[in-house]
Amino acid sequence: MRRKLCRGEGINVDQIATPQEAIQNKQYKMALIELLYQLADDDFILAFRGSEWLGLAPHIEEDIAYASINQATMGHAVMYYELLESLGEGSADELAHERKASERKNAILLELMNGTGSYLENPSYDWAFTVVRHYFYDIYKKLKLESLKQSSYLPLAQAATKIKMEQYYHVMHWKVWFNQLVLSGGEAKTRMQAAIQKVWDEFADVLSYGTYAADFSKYQLIEEENLFKQKWEVEMQQVFQKAGIDYPGPPSARKGNGRTGMHTEDLNQALSILSEVYSLDPQATW
Amino acid sequence: MEFLQSKVLQILENVKDPEIPSVSVVDLGMVEDIQIDQYGRVKLKVLPTFVGCPALEIIKKNIIEAIQMVDGVNGVEVEFVHDPPWTSDRISEKGKVNLKQFGIAPPPVFIKEKELWDVECPYCGSHYTTMENLFGPTACRSILYCKSCKNPFEAMKPISTLM
């Protein structure tokens, strides 16, 4: 199945319906793979950080909800890794477990530890940071999925349609937490403001398309980087306005750009833990 | 061939969601397409409910085992596809009845004007219910409470492409 895509003033790109077709155009494939790694690695690492809250969430209802959200988010990562698998990148399990930190394309914000201590020793995790990181990321993800639903790569557009339906509930969940905590007074508000600052210091990295930005839009895999940023900014301004806080202006990327493979020690820590069991016997069937 | 097709469909009525043992994969609306060729090879397209559902592999195994038992079948292939995406309105009327029997309300209706979910208690039929947690014990279920008969219960999460 082929149909012409023409949006905006860009060149017309044929819709690519199968991995076999995508592989025929080397440049297209390279851009597509890059985008898929960003999407997969983002969801994967954030779902891992989220899973570290299991049993530690503020109350039992939240523990259930958050576990469910993490399971869904990990499912989204699997879906993207399987798309990579179909393009000849290796098995989804290998892609999730065996790649070194320098090969990962996730944004740095999403790999940062939940707080001090570790899951097993003195986990002094920051709930405010968790709420803000998730809420802002999930709004971003919702917008990204809306754009991906129009992607020239049909399997990706279909995956985005599916994921977006689940994402609806995630955004709803974090919105409740965010507004309740920000609109309350005292310690909650102070801690939320500190968390917003911390997230804002790195969020430009989440928004970055990385080195293949031009090819992403050339092949209409996703809308153009700057247009997307503008859309995101409009949405975030409303979020801040409703919460009664000043919009802090454009976000930064102080710790660097994860899309280019730059990462912090926190990612190594995460990878060594999450692949510990897998590495015991990579051939085993779980 | 048509006979075989109906046999396969019939046997699929016995393949249940392992997490909801009263409802078959057919009534959940998960079976999108069944193709049988002249050699009796069966190819199914199945829609996953939620992407991260851990029961998917078990469901796949159960479908294959069930269909293999049918006389005249010579191999089964199950493929999970995402197009069309599964939505909660694919659950059949029979599926809704069977969900209730298991203590799970069918997908509630969201009344946009009031920003409220309208859910009928599967035990007493009252609409005097509250949402306790959008997220339940599995990805596809929420936890609710009936203020009439004082029972906690679950409901299937509504899922639609409009979301």
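**Chain contacts, a helix of chain A and a sheet of chain B**

In this predicted model, 14 residues of chain B are in contact with 22 residues of chain A, contact meaning that the C-beta atoms of two residues, placed from the backbone, lie within 7 Å. On the side of chain B that touches chain A, eight residues are nonpolar, five polar and one charged; here Ala, Val, Leu, Ile, Met, Phe, Trp, Tyr, Cys and Pro count as nonpolar, Asp, Glu, Lys and Arg as charged, and the others, Gly among them, as polar. Residues are numbered from 1 along each chain as its sequence is written, and chains are lettered from A in the order in which they are written. Local features need pLDDT of at least 70 and side-chain atom pairs count only at pLDDT 80 or more, whereas totals for chains, interfaces and linings use all residues.

Turning to chain A, helix 8 (residues 186-200) has 15 residues and reaches 21 Å from its first C-alpha to its last, close to the 21 Å expected at 1.5 Å a residue (1.5 Å times one less than the number of residues). Helices (H or I, at least four residues) and strands (E, at least two) are DSSP runs, numbered from the N terminus. Within helix 8 of chain A, M192(A), A195(A), I196(A) and V199(A) are buried, that is, 20 or more other C-beta atoms lie within 10 Å of their own, against 12 or fewer for an exposed residue. The buried four cover an arc of only 105° around the axis, which puts them on the same side of helix 8 of chain A; the arc is that of the directions from the helix axis to the C-beta atoms. G186(A), E187(A), T190(A) and Q197(A), on the other side, are exposed. Packing partners of the buried residues are helix 5 (108-111), helix 6 (127-148), helix 7 (154-183) and helix 9 (203-207) of chain A.

Elsewhere in chain A, L36(A) lies in helix 2 (residues 26-51). L36(A) counts as buried because it has 25 C-beta neighbours inside 10 Å. Leaving aside neighbours within four places in sequence, L36(A) is in contact with Y80(A), L83(A) and L84(A). L36(A) and L84(A) are 48 residues apart in sequence, yet 6.8 Å apart in space, C-alpha to C-alpha.

Chain B holds an open sheet of three strands in the order 3-4-5, with mixed pairing (at least two DSSP bridges between two strands). Strand 3 (31-36) and strand 5 (76-80) of chain B stand at the edges, each with a single partner strand, so one side of each is left without a neighbour in the sheet. Strand 4 (residues 42-46) and strand 5 of chain B pair in the parallel sense over five bridges, and L44(B) stands opposite V78(B) in strand 5.
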